[in-house]
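Let's walk through this structure together, one question at a time. Have a look at it first, and then we can start.

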Amino acid sequence: MVFACADSRVCPSVTLGLQPGEAFTIRNIAAMVPPYDKTRYAGIGSAIEYAVCALKVEVLVVIGHSKCGGIRALNSLKDGDPDTFHFVEDWVRIGNPAKKKVQTECASLSFDDQCYALEKEAVNTSLENLKTYPFVKEGLEKGTLKLVGGHYDFVKAKFDTWEPKKDLDPIERLKDGFENFKVTIYDKKPELFEPLKAGQTPRYMVFACADSRVCPSVTLRLEPGEAFTIRNIAAMVPGYDKNRYAGIGSAIEYAVCALKVEVLVVIGHSKCGGIRALLSLKDGAPDTFHFVEDWVRIGYPAKKQVQTKYASLPFDDQCTELEKEAVNVSLENLKTYPFVKEGLANGTLKLVGGHYDFVNGVFSTW
Ligand SMILES: [Zn+2]
Ligand SMILES: [Zn+2]
């Protein structure tokens with residue numbers, strides 16, 4: 001199934017020598033594929049559905065091209081300006097995520113060169129959008145379907161193809177992530193990074209869950225140098241114990257006594273698997289993991305409290321309460337470290353509890 005621009009110069013049957021019967025073909029302005037939306041995009045949605053579910057095509061190819069008027073229009077749009085067409089601006093805005101990316105990463109390029117980059121980046125947005133169609137997602141997971149990006153450059157007579165970025169191997173993905181960070185943040189803020197080369201003076205020590213959805217650097221926009229950060233299962237802080245908890249104890253001691261952080265923040269979160277595990281534990285039942293149950297039991301006092309206070313609530317709601325109550329137990333445990341206790345007494349240290357709810361997009365503190 002081929003997605004190409006309506007532009008009269010780029011018919012894929014001609015440029016790729018596709019014979020009758022070879023390619024189910026959609027052509028529209030700028031070869032855009034919008035995300036799944038039954039109300040707004042029934043035309044293209046029905047074509048994708050028919051091609052994938054009935055015709056069982058093997059490859060979805062989105063092809064951008066050089067000197068694309070639709071892409072030029074997208075790159076020219078100013079935020080907040082009124083539209084001059086009934087339909088055109090609204091349509092090309094499907095490529096907005098690509099535009100943002102290009103304008104950030106290629107800020108120094110000329111308008112024409114930005115358009116060229118956007119011709120390719122808009123293809124990536126369309127490929128990402130294709131994954132929002134459940135039958136496409138299913139085909140990708142089963143391996144019956146493949147996504148391909150393409151760019152036809154009729155100025156240089158070149159045709160490039162590539163697989164979507166998400167298919168990068170895990171190491172390439174990391175390199176790509178760093179390259180993005182370097183271009184968009186590191187190189188842009190020498191005033192931030194130069195002083196950090198000499199050392200760190202973070203204001204916060206943050207305890208957060210290891211959960212991949214809750215990195216506090218991302219959700220709280222903490223910059224490099226701002227937060228000395230411990231992440232573990234369920235953001236638990238155990239009480240002072242030199243034998244069992246040297247790892248976390250050494251981090252607290254270093255942050256408080258050497259770095260002199262001002263605030264210790266413990267952050268729980270919604271849908272926490274560690275908290276769920278804690279609430280599911282039956283007294284006296286044997287452990288199934290070597291470590292996990294033993295670790296989450298640090299929050300046991302919170303569990304007892306929630307089970308008493310919220311006995312009538314369903315399990316899921318009890319979990320939500322426990323996510324917050326376990327933070328309180330960790331805050332109490334922090335007070336068992338003599339240097340923390342001293343800092344609190346001196347007024348040089350503050351304890352803060354937090355809960356990040358990614359279901360409702362809420363962050364609360366206390
Ligand atoms: Zn075009
Ligand atoms: Zn968690």
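Two residues are in contact if their C-beta atoms, placed from the backbone, lie within 7 Å. Keep in mind that this is a predicted model.

Q: Among contacts between residues at least 6 apart in sequence, what percentage join residues at least 24 apart?
A: Here we set aside pairs that are fewer than 6 places apart in the protein chain. Among the contacts that remain, the share joining residues at least 24 apart is 68%.

Q: What radius of gyration does the protein chain have, beside that of a compact globule of 366 residues?
A: The C-alpha atoms fill a box of roughly 75 × 50 × 40 Å along the principal axes. A compact globule of 366 residues would come out near 21 Å. The protein chain itself has a radius of gyration of 27 Å.

Q: Which strands stand at the edges of the sheet that contains β1 and β3?
A: This open sheet has five strands in the order β2-β1-β3-β4-β5, with mixed pairing. An edge strand has a single partner, so one side of it is left without a neighbour in the sheet. The strands at the edges are β2 (25–28) and β5 (158–162).

Q: Do β4 and β5 run parallel or antiparallel?
A: Let's compare some pairs in this sheet. Four bridges join β1 to β2, which run parallel, and seven bridges join β3 to β4, also parallel. Five bridges join β4 to β5, with Tyr152 opposite Phe159, and these two strands run antiparallel.

Q: Which residue takes a positive phi in the hairpin of β4 and β5?
A: The hairpin has four residues between the strands. A positive phi near 55° is found there at Ala157.

Q: Which element gives the largest share of the largest nonpolar core?
A: This core has 39 residues, and Phe3, Ala30, Ala31, Val62 and Ile63 touch the most other members. Elements that give two or more residues to the core include β1 (2–5), β3 (59–65) and α6 (111–130). The largest share, seven residues, comes from α6.

Q: Which residue of α6 (111–130) does Ala31 touch?
A: Leaving out residues up to four places away in sequence, Ala31 touches Phe3, Ala4, Cys5, Val62, Ile63, Gly64 and Ser126. The range of α6 is 111–130, and the contact of Ala31 that falls in this range is Ser126.

Q: How many residues does the second, separate core have?
A: Its members include Phe228, Ala234, Val237 and Ala326. The count for this second core is 38 residues.

Q: Which strands are at the edges of the sheet that contains β6 and β8?
A: This open sheet of five strands has the order β7-β6-β8-β9-β10, with mixed pairing. Strand β6 (residues 204–209) pairs with β7 in the parallel sense over six bridges, and Met205 stands opposite Phe228 in β7. Each edge strand has a single partner, so one of its sides has no neighbour in the sheet. The edge strands are β7 (227–232) and β10 (362–365).

Q: How many buried residues are there in helix α8?
A: Helix α8 (residues 170–186) reaches 22 Å from its first C-alpha to its last, close to the 24 Å expected. To count as buried, a residue needs 20 or more other C-beta atoms within 10 Å of its own. Helix α8 is hardly covered, and among its 17 residues the buried count is zero.

Definitions and conventions. Residues are numbered from 1 along each chain as its sequence is written. Chains are lettered from A and ligands numbered from 1 in the order in which they are written. This is a predicted model: local features need pLDDT of at least 70, side-chain atom pairs count only at pLDDT 80 or more; totals for chains, interfaces and linings use all residues. A nonpolar core is a set of buried Ala, Val, Leu, Ile, Met, Phe, Trp, Tyr and Cys residues joined through C-beta atoms within 7 Å. A residue is buried if 20 or more other C-beta atoms lie within 10 Å of its own, exposed if 12 or fewer, and partly exposed in between; C-beta atoms are placed from the backbone. The radius of gyration is taken over C-alpha atoms; the globule rule is 2.2 Å times the number of residues to the power 0.38. Two strands pair if DSSP finds at least two bridges between them. The expected span of a helix is 1.5 Å times one less than its number of residues.
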